[in-house]
Amino acid sequence: MAFLLKSMIGNPLSGMGLGGGGDKEEEATPSDPAKAAGMTREEYEEYQKQLVEEKMERDADFLHKKAERATLRVCLRDKYRLPKSEQDENMIEMAGDDVDVPEELLKMVDEDATEEEGKDSIMGQIQNLQNMDMDQIKEKASATVTELKTKAEEKCSVM
């Protein structure tokens, strides 16, 4: 309540020069941020330098991680013969040439590649044949033969 009365009466009177209560409050709040933080000027400057250095380190680490991801995407694009991305190439250039793909990601890509090579090889095809049902294969083969016969009969008048 006293605050309301002081703000309503104190401020108009201080403008006229009669109530001088406003000047003391302004002096009580320090204009120096070091004093506001409870530090000396040197401590505050050192603290600000540390903050800037930490931010620069975080930004550099973040950029490096982004470049690693871009490198992995480039490797995958090369592997699957997909079109190249300008954005990934720019990210790698910004980070420098010392960017390598993380080992965990390389292991994952290598595992996928060995699995695909196994499926593409003759041995992989033979293993797939062992897993298939022979009756199903026979049905597919006979259906294909009958389909070919019907198409041939439609086209050829001698048969």
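A residue counts as buried when its relative accessible area is under 20%, as exposed when that area is over 50%, and as partly exposed in between. This scale helps in reading the structure described here, which is a predicted model. Ser-85 makes a good starting example: its relative accessibility is 18%, so Ser-85 falls in the buried class.

The overall architecture comes next. The protein contains 8 helices and 0 strands, and the order of elements from the N terminus is α-α-α-α-α-α-α-α. Of the 159 residues in the protein, buried ones make up 11%.

The loop between α4 and α5 holds two residues of interest. Ser-85 belongs to this loop, and the side chain of Ser-85 reaches the backbone nitrogen of Gln-87 at 3.4 Å. Arg-81 lies in the loop between α4 and α5 as well. With a relative accessible area of 76%, Arg-81 is exposed, because the cut-off for that class is over 50%. The backbone of Arg-81 also deserves a look: its phi is near 55°, a positive value in a residue other than glycine.

Charged side chains give the next part of the picture. Side chains of opposite charge can pair when their charged atoms come close. How many salt bridges does a search of the whole structure find? The search finds 5.

One of them joins the side chains of Lys-55 and Asp-59, with an N to O distance of 3.1 Å. These two residues are 4 apart in helix α4, so about one helical turn separates Lys-55 from Asp-59. Both ends of the bridge can be placed on the accessibility scale: Lys-55 is partly exposed at 45%, and Asp-59 is partly exposed at 41%.

Helix α8, which spans residues 134-155, offers another example. There the side chains of Lys-151 and Glu-147 meet in a salt bridge at 3.6 Å, N to O. Lys-151 and Glu-147 are 4 residues apart in helix α8, and therefore about one helical turn lies between them. Lys-151 has a relative accessibility of 44% and is partly exposed, while Glu-147 is partly exposed with a relative accessible area of 45%.

A salt bridge can also connect two helices, as Arg-73 and Asp-88 show. Their side chains meet at 2.8 Å, N to O. This pair links distant parts of the chain, as Arg-73 sits in helix α4 and Asp-88 in helix α5, 15 residues apart. Is each partner buried or partly exposed? Arg-73 is partly exposed, with a relative accessible area of 36%, whereas Asp-88 is buried, with a value of 3%.

Finally, some charges gather on the surface. Which residues form the patch of negative charge? The patch brings together Glu-46, Glu-53, Glu-54, Glu-57 and Asp-61. Among them, Glu-54 is found in helix α4, which covers residues 41-79. The relative accessible area of Glu-54 is 42%, so Glu-54 counts as partly exposed. Helix α4 thus returns several times in this account: Glu-54 of the negative patch lies in this helix, Lys-55 and Asp-59 form their pair within helix α4, and Arg-73 in helix α4 is linked with Asp-88 in helix α5.

Technical notes:
Residues are numbered from 1 along each chain as its sequence is written. This is a predicted model: local features need pLDDT of at least 70, side-chain atom pairs count only at pLDDT 80 or more; totals for chains, interfaces and linings use all residues. Side-chain values use heavy atoms; hydrogens and water are left out. Patches are made of residues with over 30% relative accessible area and no salt bridge: like charges are joined within 9 Å, nonpolar side chains (Val, Leu, Ile, Met, Phe, Trp, Tyr) within 5 Å. Accessible areas come from the Shrake-Rupley method with a 1.4 Å probe; for residues, only the protein chains shown count as cover. A salt bridge is a side-chain nitrogen of Lys or Arg within 4 Å of a carboxyl oxygen of Asp or Glu. Lys and Arg count as positive and Asp and Glu as negative; His and the chain ends are not counted. The place of a charge is taken as NZ of Lys, CZ of Arg, CG of Asp or CD of Glu. Buried means under 20% relative accessible area, exposed over 50%, partly exposed in between (1.4 Å probe, protein chains only). A polar contact is a pair of N or O atoms within 3.5 Å; within protein, one must be able to donate a hydrogen and the other to accept it, and residues adjacent in sequence count only if both atoms are side-chain atoms.
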